[in-house]
Amino acid sequence: MRRKFLHGLRWTSLRLRLVVVFALVALTAAVSASGIAYWLNREAVLTRTQDSALNDFRQEMQTRAASLPLQPTQSELETAAVQMSASGNPHYSVLLVGESGGKQVKGSSALAMFSLDDVPQSLQDAVNKQQKVTAGNPYTYHLFWQRITLRKQPYLVSGTRIIGGGPAGYMLTSLDKERQDLNSLAWSLAIATALALIGSALLAQAAATTVLKPVQRLGDAARRLGEGKLDTRLRVSGTDELADLSRTFNKTAASLEKKVDDMSAREEASRRFVADMSHELRTPLTAITAVSEVLEEEVDTLDPMIAPAVALVVSETRRLNTLVENLMEVTRFDAGTARLVLDDVDIADQITACIDARAWLDAVELDAERGIMVRLDPRRLDVILANLIGNALKHGGSPVRVTVRLEGEELVIAVRDHGPGIPEEVLPHVFDRFYKASASRPRSEGSGLGLSIATENARIHGGTITAANSAEGGAVFTFRLPRDSSVNDEEGGA
(Lines give C-alpha, C1' and ligand atoms only; values in the text may rest on other atoms or scores of the structure.)
Protein backbone atom coordinates (compact mmCIF):
# COMPACT_ATOMS: atom_id res chain seq x y z
CA MET A 1 0.00 0.00 0.00
CA ARG A 2 2.89 2.37 0.82
CA ARG A 3 4.59 1.66 -2.50
CA LYS A 4 1.28 2.19 -4.35
CA PHE A 5 0.71 5.50 -2.54
CA LEU A 6 4.23 6.75 -3.32
CA HIS A 7 3.84 5.62 -6.92
CA GLY A 8 0.60 7.58 -7.15
CA LEU A 9 2.43 10.70 -5.91
CA ARG A 10 5.40 10.56 -8.28
CA TRP A 11 6.35 13.91 -9.79
CA THR A 12 4.91 12.99 -13.16
CA SER A 13 1.58 12.04 -11.56
CA LEU A 14 -1.42 14.07 -12.65
CA ARG A 15 -2.86 13.63 -9.15
CA LEU A 16 0.18 15.26 -7.51
CA ARG A 17 0.24 18.09 -10.02
CA LEU A 18 -3.45 18.76 -9.41
CA VAL A 19 -2.92 18.82 -5.63
CA VAL A 20 0.10 21.15 -5.99
CA VAL A 21 -1.79 23.55 -8.26
CA PHE A 22 -4.78 23.64 -5.89
CA ALA A 23 -2.43 24.20 -2.94
CA LEU A 24 -0.53 27.01 -4.69
CA VAL A 25 -3.74 28.77 -5.71
CA ALA A 26 -5.17 28.44 -2.20
CA LEU A 27 -1.87 29.53 -0.63
CA THR A 28 -1.64 32.60 -2.89
CA ALA A 29 -5.25 33.57 -2.22
CA ALA A 30 -4.98 32.98 1.54
CA VAL A 31 -1.68 34.82 1.91
CA SER A 32 -2.97 37.74 -0.16
CA ALA A 33 -6.22 37.95 1.81
CA SER A 34 -4.41 37.55 5.15
CA GLY A 35 -1.81 40.16 4.23
CA ILE A 36 -4.44 42.69 3.19
CA ALA A 37 -6.55 41.97 6.28
CA TYR A 38 -3.52 42.28 8.57
CA TRP A 39 -2.40 45.54 6.97
CA LEU A 40 -5.88 47.08 7.14
CA ASN A 41 -6.41 46.00 10.76
CA ARG A 42 -2.94 47.17 11.74
CA GLU A 43 -3.52 50.60 10.31
CA ALA A 44 -6.96 50.78 11.88
CA VAL A 45 -5.75 49.76 15.36
CA LEU A 46 -2.69 52.00 15.34
CA THR A 47 -4.54 54.96 13.85
CA ARG A 48 -7.32 54.68 16.41
CA THR A 49 -4.91 54.58 19.36
CA GLN A 50 -2.69 57.23 17.83
CA ASP A 51 -5.52 59.67 17.07
CA SER A 52 -7.01 59.24 20.51
CA ALA A 53 -3.70 59.91 22.26
CA LEU A 54 -2.72 62.83 20.02
CA ASN A 55 -6.12 64.55 20.32
CA ASP A 56 -6.09 64.17 24.10
CA PHE A 57 -2.49 65.43 24.32
CA ARG A 58 -3.28 68.45 22.11
CA GLN A 59 -6.27 69.31 24.30
CA GLU A 60 -4.20 69.02 27.48
CA MET A 61 -1.49 71.23 26.00
CA GLN A 62 -4.06 73.85 25.13
CA THR A 63 -5.74 73.84 28.58
CA ARG A 64 -2.98 73.04 31.09
CA ALA A 65 0.38 73.83 29.49
CA ALA A 66 -0.91 77.04 27.94
CA SER A 67 -1.93 78.34 31.41
CA LEU A 68 1.63 78.09 32.74
CA PRO A 69 3.70 81.30 33.09
CA LEU A 70 6.17 82.20 30.35
CA GLN A 71 9.07 81.23 32.63
CA PRO A 72 7.71 78.33 34.71
CA THR A 73 9.59 76.65 37.49
CA GLN A 74 10.47 72.97 37.51
CA SER A 75 7.83 72.34 40.15
CA GLU A 76 5.13 73.97 38.03
CA LEU A 77 6.16 71.92 35.00
CA GLU A 78 6.12 68.66 36.96
CA THR A 79 2.69 69.41 38.44
CA ALA A 80 1.25 70.18 35.02
CA ALA A 81 2.89 67.09 33.49
CA VAL A 82 1.44 64.83 36.20
CA GLN A 83 -2.02 66.34 35.77
CA MET A 84 -1.84 65.93 31.99
CA SER A 85 -0.69 62.34 32.32
CA ALA A 86 -3.35 61.45 34.87
CA SER A 87 -6.17 62.69 32.68
CA GLY A 88 -4.79 61.12 29.51
CA ASN A 89 -6.84 58.49 27.71
CA PRO A 90 -5.12 56.27 26.85
CA HIS A 91 -2.55 56.69 29.57
CA TYR A 92 0.66 58.36 28.48
CA SER A 93 3.73 59.98 30.03
CA VAL A 94 4.31 63.73 29.62
CA LEU A 95 7.53 65.75 29.51
CA LEU A 96 7.37 69.58 29.58
CA VAL A 97 10.42 71.64 28.64
CA GLY A 98 10.55 75.40 29.31
CA GLU A 99 13.00 78.22 30.04
CA SER A 100 13.50 80.07 33.31
CA GLY A 101 16.24 82.67 33.76
CA GLY A 102 17.90 81.62 30.54
CA LYS A 103 18.14 78.00 31.64
CA GLN A 104 16.25 74.97 30.39
CA VAL A 105 13.76 73.63 32.90
CA LYS A 106 12.11 70.18 32.57
CA GLY A 107 9.20 68.59 34.30
CA SER A 108 8.13 64.95 33.76
CA SER A 109 5.20 62.89 34.94
CA ALA A 110 7.53 59.88 35.20
CA LEU A 111 11.12 60.96 34.95
CA ALA A 112 12.46 57.43 35.31
CA MET A 113 10.47 56.27 32.31
CA PHE A 114 10.48 59.30 30.00
CA SER A 115 13.22 61.85 29.48
CA LEU A 116 14.29 64.14 26.69
CA ASP A 117 16.89 61.56 25.62
CA ASP A 118 14.04 59.27 24.64
CA VAL A 119 12.74 61.75 22.08
CA PRO A 120 14.35 61.41 18.63
CA GLN A 121 16.43 64.45 17.69
CA SER A 122 14.57 64.80 14.42
CA LEU A 123 11.29 65.10 16.30
CA GLN A 124 12.76 67.72 18.67
CA ASP A 125 14.00 69.75 15.72
CA ALA A 126 10.58 69.59 14.04
CA VAL A 127 8.80 70.64 17.26
CA ASN A 128 11.12 73.61 17.92
CA LYS A 129 11.15 74.86 14.33
CA GLN A 130 8.97 77.93 13.89
CA GLN A 131 6.78 77.64 10.79
CA LYS A 132 6.09 80.58 8.49
CA VAL A 133 2.55 81.85 8.81
CA THR A 134 0.69 81.89 5.51
CA ALA A 135 -2.88 81.85 4.28
CA GLY A 136 -2.74 78.08 4.26
CA ASN A 137 -0.78 77.81 7.55
CA PRO A 138 -2.09 80.02 10.37
CA TYR A 139 0.06 78.40 13.11
CA THR A 140 3.74 78.82 13.81
CA TYR A 141 4.04 75.49 15.65
CA HIS A 142 2.51 72.10 14.86
CA LEU A 143 1.98 68.77 16.57
CA PHE A 144 4.46 66.10 15.30
CA TRP A 145 4.54 62.40 16.11
CA GLN A 146 6.69 59.33 15.44
CA ARG A 147 6.55 55.61 16.20
CA ILE A 148 9.71 54.36 17.87
CA THR A 149 11.09 51.25 19.58
CA LEU A 150 12.33 51.99 23.07
CA ARG A 151 13.82 49.32 25.28
CA LYS A 152 12.55 46.71 22.76
CA GLN A 153 8.99 47.97 23.16
CA PRO A 154 6.89 49.92 20.62
CA TYR A 155 5.93 53.48 21.55
CA LEU A 156 4.26 56.51 20.06
CA VAL A 157 6.05 59.77 20.81
CA SER A 158 4.75 63.20 19.87
CA GLY A 159 5.53 66.81 20.65
CA THR A 160 4.44 70.44 20.15
CA ARG A 161 5.02 73.97 21.52
CA ILE A 162 2.66 76.56 22.92
CA ILE A 163 2.11 79.32 20.38
CA GLY A 164 3.00 82.80 21.65
CA GLY A 165 5.54 81.59 24.15
CA GLY A 166 5.45 78.77 26.62
CA PRO A 167 6.90 75.31 27.21
CA ALA A 168 7.33 72.53 24.67
CA GLY A 169 5.50 69.33 25.50
CA TYR A 170 6.28 65.71 24.63
CA MET A 171 4.04 62.72 25.07
CA LEU A 172 5.05 59.02 25.17
CA THR A 173 2.50 56.21 25.10
CA SER A 174 3.07 52.47 24.80
CA LEU A 175 1.81 50.51 21.79
CA ASP A 176 2.54 47.14 23.38
CA LYS A 177 -1.14 46.25 23.79
CA GLU A 178 -1.76 47.02 20.13
CA ARG A 179 1.28 44.93 19.19
CA GLN A 180 -0.10 42.00 21.18
CA ASP A 181 -3.47 42.38 19.49
CA LEU A 182 -1.79 42.49 16.09
CA ASN A 183 0.32 39.43 16.93
CA SER A 184 -2.82 37.55 17.90
CA LEU A 185 -4.40 38.64 14.65
CA ALA A 186 -1.31 37.49 12.72
CA TRP A 187 -1.42 34.07 14.39
CA SER A 188 -5.13 33.78 13.63
CA LEU A 189 -4.54 34.66 9.99
CA ALA A 190 -1.62 32.21 9.79
CA ILE A 191 -3.78 29.42 11.22
CA ALA A 192 -6.56 30.33 8.78
CA THR A 193 -4.04 30.21 5.91
CA ALA A 194 -2.78 26.80 7.03
CA LEU A 195 -6.35 25.50 7.32
CA ALA A 196 -7.13 26.89 3.86
CA LEU A 197 -4.04 25.13 2.50
CA ILE A 198 -5.03 21.82 4.08
CA GLY A 199 -8.60 22.24 2.90
CA SER A 200 -7.44 22.96 -0.63
CA ALA A 201 -5.22 19.86 -0.60
CA LEU A 202 -8.15 17.73 0.56
CA LEU A 203 -10.41 19.35 -2.03
CA ALA A 204 -7.79 18.71 -4.71
CA GLN A 205 -7.49 15.10 -3.61
CA ALA A 206 -11.25 14.68 -3.80
CA ALA A 207 -11.36 16.38 -7.20
CA ALA A 208 -8.44 14.26 -8.42
CA THR A 209 -10.17 11.11 -7.26
CA THR A 210 -13.39 12.13 -8.99
CA VAL A 211 -11.65 13.10 -12.22
CA LEU A 212 -8.83 10.57 -12.34
CA LYS A 213 -10.72 7.45 -11.28
CA PRO A 214 -12.51 7.21 -14.67
CA VAL A 215 -9.18 7.92 -16.37
CA GLN A 216 -7.55 5.15 -14.34
CA ARG A 217 -10.37 2.76 -15.26
CA LEU A 218 -9.89 3.74 -18.89
CA GLY A 219 -6.14 3.06 -18.61
CA ASP A 220 -6.73 -0.34 -17.00
CA ALA A 221 -9.26 -1.21 -19.69
CA ALA A 222 -6.84 -0.17 -22.44
CA ARG A 223 -4.12 -2.29 -20.80
CA ARG A 224 -6.41 -5.33 -20.69
CA LEU A 225 -7.37 -4.69 -24.30
CA GLY A 226 -3.70 -4.60 -25.21
CA GLU A 227 -3.22 -7.94 -23.43
CA GLY A 228 -5.76 -9.49 -25.78
CA LYS A 229 -8.87 -9.37 -23.59
CA LEU A 230 -11.05 -7.99 -26.35
CA ASP A 231 -14.28 -8.36 -24.37
CA THR A 232 -13.19 -5.53 -22.04
CA ARG A 233 -15.81 -2.82 -21.68
CA LEU A 234 -16.26 0.25 -19.48
CA ARG A 235 -19.34 1.04 -17.41
CA VAL A 236 -20.73 4.34 -18.71
CA SER A 237 -22.50 6.77 -16.40
CA GLY A 238 -23.22 10.46 -16.83
CA THR A 239 -23.13 12.76 -19.82
CA ASP A 240 -19.78 14.52 -19.37
CA GLU A 241 -16.67 14.32 -21.56
CA LEU A 242 -15.33 11.27 -19.69
CA ALA A 243 -18.60 9.44 -20.31
CA ASP A 244 -18.29 10.26 -24.04
CA LEU A 245 -14.72 8.97 -23.95
CA SER A 246 -15.89 5.73 -22.30
CA ARG A 247 -18.57 5.26 -24.97
CA THR A 248 -16.00 5.83 -27.70
CA PHE A 249 -13.71 3.28 -26.05
CA ASN A 250 -16.49 0.70 -25.87
CA LYS A 251 -17.36 1.24 -29.54
CA THR A 252 -13.71 0.94 -30.52
CA ALA A 253 -13.24 -2.21 -28.44
CA ALA A 254 -16.38 -3.79 -29.94
CA SER A 255 -15.24 -2.94 -33.47
CA LEU A 256 -11.77 -4.30 -32.76
CA GLU A 257 -13.19 -7.49 -31.25
CA LYS A 258 -15.39 -8.02 -34.31
CA LYS A 259 -12.50 -7.47 -36.69
CA VAL A 260 -10.22 -9.80 -34.73
CA ASP A 261 -12.94 -12.44 -34.60
CA ASP A 262 -13.45 -12.11 -38.35
CA MET A 263 -9.72 -12.33 -38.99
CA SER A 264 -9.40 -15.31 -36.66
CA ALA A 265 -12.30 -17.02 -38.41
CA ARG A 266 -10.75 -16.37 -41.83
CA GLU A 267 -7.36 -17.52 -40.60
CA GLU A 268 -8.88 -20.68 -39.11
CA ALA A 269 -10.76 -21.31 -42.33
CA SER A 270 -7.53 -20.78 -44.28
CA ARG A 271 -5.62 -23.21 -42.05
CA ARG A 272 -8.42 -25.73 -42.30
CA PHE A 273 -8.46 -25.34 -46.08
CA VAL A 274 -4.68 -25.90 -46.30
CA ALA A 275 -4.91 -28.90 -43.98
CA ASP A 276 -7.85 -30.40 -45.87
CA MET A 277 -6.23 -29.71 -49.20
CA SER A 278 -2.94 -31.24 -48.10
CA HIS A 279 -4.75 -34.27 -46.73
CA GLU A 280 -6.81 -34.72 -49.86
CA LEU A 281 -3.71 -34.42 -52.03
CA ARG A 282 -1.93 -37.21 -50.21
CA THR A 283 -4.11 -39.98 -51.68
CA PRO A 284 -3.63 -39.05 -55.34
CA LEU A 285 0.00 -38.15 -54.62
CA THR A 286 0.59 -41.61 -53.21
CA ALA A 287 -0.71 -43.16 -56.41
CA ILE A 288 1.22 -40.72 -58.60
CA THR A 289 4.40 -41.33 -56.59
CA ALA A 290 4.03 -45.09 -57.02
CA VAL A 291 3.53 -44.69 -60.76
CA SER A 292 6.46 -42.27 -61.03
CA GLU A 293 8.73 -44.72 -59.22
CA VAL A 294 7.76 -47.45 -61.70
CA LEU A 295 8.41 -45.09 -64.60
CA GLU A 296 11.77 -44.10 -63.07
CA GLU A 297 12.81 -47.74 -62.99
CA GLU A 298 11.84 -48.16 -66.66
CA VAL A 299 13.31 -44.86 -67.86
CA ASP A 300 16.28 -46.59 -69.54
CA THR A 301 13.97 -48.67 -71.73
CA LEU A 302 11.77 -45.79 -72.81
CA ASP A 303 11.96 -43.88 -76.05
CA PRO A 304 14.71 -41.16 -75.79
CA MET A 305 12.10 -38.58 -76.72
CA ILE A 306 9.90 -39.60 -73.76
CA ALA A 307 12.63 -40.18 -71.13
CA PRO A 308 13.20 -36.46 -70.29
CA ALA A 309 9.50 -35.94 -69.74
CA VAL A 310 9.34 -38.97 -67.44
CA ALA A 311 12.35 -37.67 -65.47
CA LEU A 312 10.64 -34.27 -65.09
CA VAL A 313 7.42 -35.92 -63.88
CA VAL A 314 9.34 -37.95 -61.31
CA SER A 315 11.25 -34.86 -60.08
CA GLU A 316 8.16 -32.66 -59.82
CA THR A 317 6.20 -35.44 -58.13
CA ARG A 318 8.85 -35.67 -55.41
CA ARG A 319 8.89 -31.88 -55.08
CA LEU A 320 5.09 -31.79 -54.81
CA ASN A 321 5.16 -34.57 -52.22
CA THR A 322 7.70 -32.61 -50.13
CA LEU A 323 5.61 -29.43 -50.45
CA VAL A 324 2.48 -31.21 -49.24
CA GLU A 325 4.33 -32.67 -46.25
CA ASN A 326 5.71 -29.22 -45.40
CA LEU A 327 2.26 -27.63 -45.69
CA MET A 328 0.80 -30.22 -43.33
CA GLU A 329 3.64 -29.60 -40.88
CA VAL A 330 3.07 -25.83 -41.02
CA THR A 331 -0.64 -26.38 -40.47
CA ARG A 332 0.08 -28.41 -37.34
CA PHE A 333 2.28 -25.59 -36.02
CA ASP A 334 -0.39 -22.99 -36.72
CA ALA A 335 -3.09 -25.09 -35.10
CA GLY A 336 -0.91 -25.66 -32.02
CA THR A 337 -1.13 -29.44 -32.33
CA ALA A 338 2.59 -30.06 -32.82
CA ARG A 339 4.02 -31.95 -29.84
CA LEU A 340 7.44 -33.20 -28.81
CA VAL A 341 8.31 -36.88 -28.50
CA LEU A 342 11.30 -36.59 -26.21
CA ASP A 343 14.23 -38.97 -25.89
CA ASP A 344 17.76 -38.82 -24.49
CA VAL A 345 20.20 -38.82 -27.41
CA ASP A 346 23.91 -38.39 -28.00
CA ILE A 347 23.98 -35.20 -30.04
CA ALA A 348 27.08 -36.21 -32.03
CA ASP A 349 25.52 -39.54 -33.04
CA GLN A 350 22.26 -37.80 -33.96
CA ILE A 351 23.99 -35.28 -36.24
CA THR A 352 26.12 -38.02 -37.82
CA ALA A 353 22.99 -40.09 -38.56
CA CYS A 354 21.30 -37.07 -40.17
CA ILE A 355 24.33 -36.42 -42.43
CA ASP A 356 24.81 -40.09 -43.29
CA ALA A 357 21.14 -40.60 -44.19
CA ARG A 358 21.45 -37.91 -46.85
CA ALA A 359 24.90 -38.93 -48.11
CA TRP A 360 26.51 -35.64 -47.03
CA LEU A 361 29.49 -37.17 -45.20
CA ASP A 362 31.98 -35.99 -47.83
CA ALA A 363 30.61 -32.43 -47.89
CA VAL A 364 30.13 -31.79 -44.16
CA GLU A 365 32.72 -31.43 -41.38
CA LEU A 366 31.46 -32.22 -37.88
CA ASP A 367 33.12 -30.81 -34.76
CA ALA A 368 31.27 -32.42 -31.86
CA GLU A 369 32.38 -34.37 -28.81
CA ARG A 370 30.69 -37.68 -28.19
CA GLY A 371 28.91 -38.22 -24.92
CA ILE A 372 26.96 -34.94 -24.86
CA MET A 373 23.51 -36.16 -23.90
CA VAL A 374 20.49 -33.98 -24.68
CA ARG A 375 16.79 -34.57 -24.08
CA LEU A 376 14.87 -33.59 -27.23
CA ASP A 377 12.70 -34.86 -30.08
CA PRO A 378 15.08 -36.73 -32.45
CA ARG A 379 12.76 -36.50 -35.46
CA ARG A 380 12.33 -32.75 -35.15
CA LEU A 381 16.05 -32.27 -34.57
CA ASP A 382 16.67 -34.22 -37.79
CA VAL A 383 14.29 -31.85 -39.62
CA ILE A 384 16.13 -28.81 -38.23
CA LEU A 385 19.58 -30.14 -39.13
CA ALA A 386 18.50 -31.32 -42.57
CA ASN A 387 17.11 -27.89 -43.41
CA LEU A 388 20.10 -25.96 -42.06
CA ILE A 389 22.78 -28.20 -43.58
CA GLY A 390 20.86 -28.67 -46.85
CA ASN A 391 20.37 -24.91 -47.15
CA ALA A 392 24.11 -24.35 -46.54
CA LEU A 393 25.09 -26.92 -49.18
CA LYS A 394 22.60 -25.59 -51.72
CA HIS A 395 23.33 -21.86 -51.37
CA GLY A 396 26.76 -21.70 -49.74
CA GLY A 397 28.59 -24.68 -51.09
CA SER A 398 30.84 -27.18 -49.38
CA PRO A 399 32.59 -27.66 -47.15
CA VAL A 400 29.92 -27.02 -44.54
CA ARG A 401 31.15 -27.07 -40.95
CA VAL A 402 28.86 -28.10 -38.08
CA THR A 403 30.11 -27.14 -34.61
CA VAL A 404 28.58 -28.29 -31.33
CA ARG A 405 29.36 -26.70 -27.95
CA LEU A 406 27.81 -26.30 -24.51
CA GLU A 407 27.20 -22.94 -22.87
CA GLY A 408 25.99 -23.68 -19.36
CA GLU A 409 22.72 -25.58 -19.66
CA GLU A 410 22.32 -24.55 -23.29
CA LEU A 411 23.37 -26.51 -26.38
CA VAL A 412 24.66 -24.47 -29.33
CA ILE A 413 24.88 -25.92 -32.86
CA ALA A 414 26.46 -23.67 -35.50
CA VAL A 415 26.22 -24.49 -39.24
CA ARG A 416 28.65 -22.47 -41.36
CA ASP A 417 29.21 -22.57 -45.10
CA HIS A 418 31.93 -21.05 -47.27
CA GLY A 419 29.73 -19.29 -49.80
CA PRO A 420 29.23 -15.58 -50.51
CA GLY A 421 27.08 -15.04 -47.43
CA ILE A 422 23.57 -13.62 -47.12
CA PRO A 423 22.81 -10.13 -48.45
CA GLU A 424 22.04 -7.66 -45.67
CA GLU A 425 18.58 -6.90 -47.08
CA VAL A 426 17.75 -10.61 -47.07
CA LEU A 427 18.88 -11.41 -43.49
CA PRO A 428 15.67 -10.16 -41.78
CA HIS A 429 13.52 -12.39 -44.04
CA VAL A 430 15.41 -15.70 -44.27
CA PHE A 431 12.97 -17.39 -41.87
CA ASP A 432 9.81 -16.01 -43.51
CA ARG A 433 7.48 -18.50 -45.20
CA PHE A 434 7.78 -18.83 -48.97
CA TYR A 435 10.54 -16.17 -48.99
CA LYS A 436 13.17 -16.59 -51.70
CA ALA A 437 16.23 -14.37 -51.90
CA SER A 438 16.05 -14.02 -55.69
CA ALA A 439 12.78 -12.76 -57.12
CA SER A 440 13.97 -13.84 -60.56
CA ARG A 441 14.01 -17.48 -59.45
CA PRO A 442 10.46 -18.07 -58.15
CA ARG A 443 10.57 -21.63 -59.37
CA SER A 444 13.61 -22.89 -57.44
CA GLU A 445 13.89 -26.37 -56.05
CA GLY A 446 12.97 -25.27 -52.55
CA SER A 447 9.49 -24.38 -51.36
CA GLY A 448 10.56 -21.51 -49.12
CA LEU A 449 9.22 -23.36 -46.07
CA GLY A 450 12.29 -25.22 -44.88
CA LEU A 451 13.86 -22.57 -42.65
CA SER A 452 10.42 -21.54 -41.36
CA ILE A 453 9.70 -25.15 -40.32
CA ALA A 454 13.15 -25.39 -38.73
CA THR A 455 12.43 -22.25 -36.70
CA GLU A 456 9.07 -23.60 -35.49
CA ASN A 457 10.70 -26.90 -34.47
CA ALA A 458 13.36 -24.96 -32.56
CA ARG A 459 10.71 -22.85 -30.85
CA ILE A 460 8.73 -25.76 -29.45
CA HIS A 461 12.01 -27.09 -28.03
CA GLY A 462 12.39 -23.74 -26.24
CA GLY A 463 15.23 -22.76 -28.56
CA THR A 464 16.03 -20.23 -31.28
CA ILE A 465 17.74 -20.10 -34.68
CA THR A 466 19.58 -16.99 -35.84
CA ALA A 467 21.28 -16.19 -39.16
CA ALA A 468 24.36 -14.02 -39.66
CA ASN A 469 27.40 -13.59 -41.88
CA SER A 470 30.75 -14.81 -40.62
CA ALA A 471 33.66 -12.37 -40.48
CA GLU A 472 35.73 -15.03 -42.30
CA GLY A 473 33.16 -15.34 -45.08
CA GLY A 474 30.05 -17.41 -45.56
CA ALA A 475 26.79 -17.61 -43.66
CA VAL A 476 26.36 -18.96 -40.12
CA PHE A 477 23.10 -20.38 -38.74
CA THR A 478 23.15 -20.79 -34.95
CA PHE A 479 20.71 -23.14 -33.25
CA ARG A 480 20.35 -22.78 -29.45
CA LEU A 481 18.21 -25.01 -27.27
CA PRO A 482 18.14 -26.14 -23.63
CA ARG A 483 19.74 -29.50 -22.83
CA ASP A 484 16.40 -30.64 -21.40
CA SER A 485 13.40 -29.64 -23.53
CA SER A 486 10.93 -31.41 -21.27
CA VAL A 487 10.43 -28.25 -19.19
CA ASN A 488 9.28 -26.30 -22.24
CA ASP A 489 7.11 -29.23 -23.37
CA GLU A 490 5.36 -29.34 -19.97
CA GLU A 491 4.64 -25.61 -20.22
CA GLY A 492 2.76 -26.12 -23.46
CA GLY A 493 5.35 -26.39 -26.24
CA ALA A 494 3.75 -25.15 -29.40
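Here is a walk through this predicted model, going from its first sheet to its last buried helix.

Let's start with the sheet that is built early in the chain. Five strands make up this open sheet, and reading across it gives the order β2-β1-β5-β4-β3, with antiparallel pairing. The edges are held by β2 and by β3, which covers residues 144–150, and each of these pairs on one side only. From one strand to the next, the twist averages 20°.

If you want to trace the sheet by eye, begin with β1 and β2. Strand β1 spans residues 93–100 and strand β2 spans residues 103–108; the two run antiparallel and are joined by six bridges. One handy landmark is S100, whose bridge partner in β2 is K103. Between the two strands sits a hairpin turn of two residues, and there G101 has a positive phi of about 65°. Now step across to the other neighbour of β1. Strand β5, residues 168–174, runs antiparallel to β1, and five bridges join the pair. Here you can look for L96, which stands opposite G169 in β5.

Two helices deserve a look alongside this sheet. Helix α5 packs on the sheet, where it touches β4 (153–161) and β5, and its direction makes about 135° with that of β4. Helix α3, made of residues 74–86, lies across β1 and β2 and runs at about 30° to β2. A word on what to expect when you colour the side chains: in a regular strand they alternate between the two faces of the sheet.

Next, turn to the helices for a contact between distant parts of the chain. S34 has its place in helix α2, residues 14–63. Is S34 buried or exposed? With a relative accessible area of 14%, S34 falls under the 20% cut-off, so S34 counts as buried. Once the neighbours within four places in sequence are set aside, S34 is in contact with L189 and T193. Close by in your viewer you can also pick out S188: 154 residues separate S34 and S188 along the chain, yet their C-alpha atoms are 9.3 Å apart.

The model also has a cavity to find. Counting those of 30 Å³ or more gives one cavity, and the volume of the largest cavity is about 30 Å³. Which residues line the largest cavity? They are P214, V215, L218, L234, L242, L245 and S246. Sorted by character, this lining holds six nonpolar residues, one polar residue and no charged ones. Helices α5 (176–226) and α6 (241–297) each supply at least two of the lining residues.

Further along the chain comes another open sheet, again of five strands, in the order β7-β9-β10-β12-β11 and with mixed pairing. Its edge strands are β7 (364–367) and β11 (464–469), each pairing on one side only. The twist here averages 20° from one strand to the next.

The mixed pairing can be followed from β7 inwards. Strands β7 and β9 run parallel and are joined by four bridges; look for V364, which stands opposite V400 in β9. The next pair is antiparallel: β9, residues 400–407, and β10, residues 410–416, share seven bridges. Along this pair, T403 stands opposite A414 in β10, and L406 has L411 as its bridge partner. The β9 and β10 hairpin has two residues between its strands, and G408 takes a positive phi near 70° there.

Helices lie across this sheet as well. Helix α8, residues 347–357, lies across β7, β9 and β10 and runs at about 175° to β7. Helix α9, residues 378–395, lies across β7, β9, β10, β11 and β12 (475–482), and runs at about 170° to β12.

Our last stop is helix α10, residues 450–460, which is mostly covered, with nine of its 11 residues buried. Among the buried residues are G450, L451, I453 and A454, together with E456, N457 and I460. After α10 comes G462, whose phi is positive, near 85°.

Methods. Residues are numbered from 1 along each chain as its sequence is written. This is a predicted model: local features need pLDDT of at least 70, side-chain atom pairs count only at pLDDT 80 or more; totals for chains, interfaces and linings use all residues. Side-chain values use heavy atoms; hydrogens and water are left out. Two strands pair if DSSP finds at least two bridges between them. On a 1 Å grid over the protein atoms alone, a cavity is a set of points where a 1.4 Å probe fits but cannot get out, and a pocket is an open set with protein on both sides within 12 Å along at least five of seven lines; lining residues have an atom within 4 Å of a point. Grid points are joined across faces, edges and corners, and a volume is the space filled by probe spheres set on the points. Ala, Val, Leu, Ile, Met, Phe, Trp, Tyr, Cys and Pro count as nonpolar, Asp, Glu, Lys and Arg as charged, and the others, Gly among them, as polar. Axes are lines fitted to C-alpha atoms, for helices over the stretch in contact, and angles run from 0 to 180 degrees between N-to-C directions. Contact means heavy atoms within 4.5 Å. Buried means under 20% relative accessible area, exposed over 50%, partly exposed in between (1.4 Å probe, protein chains only).
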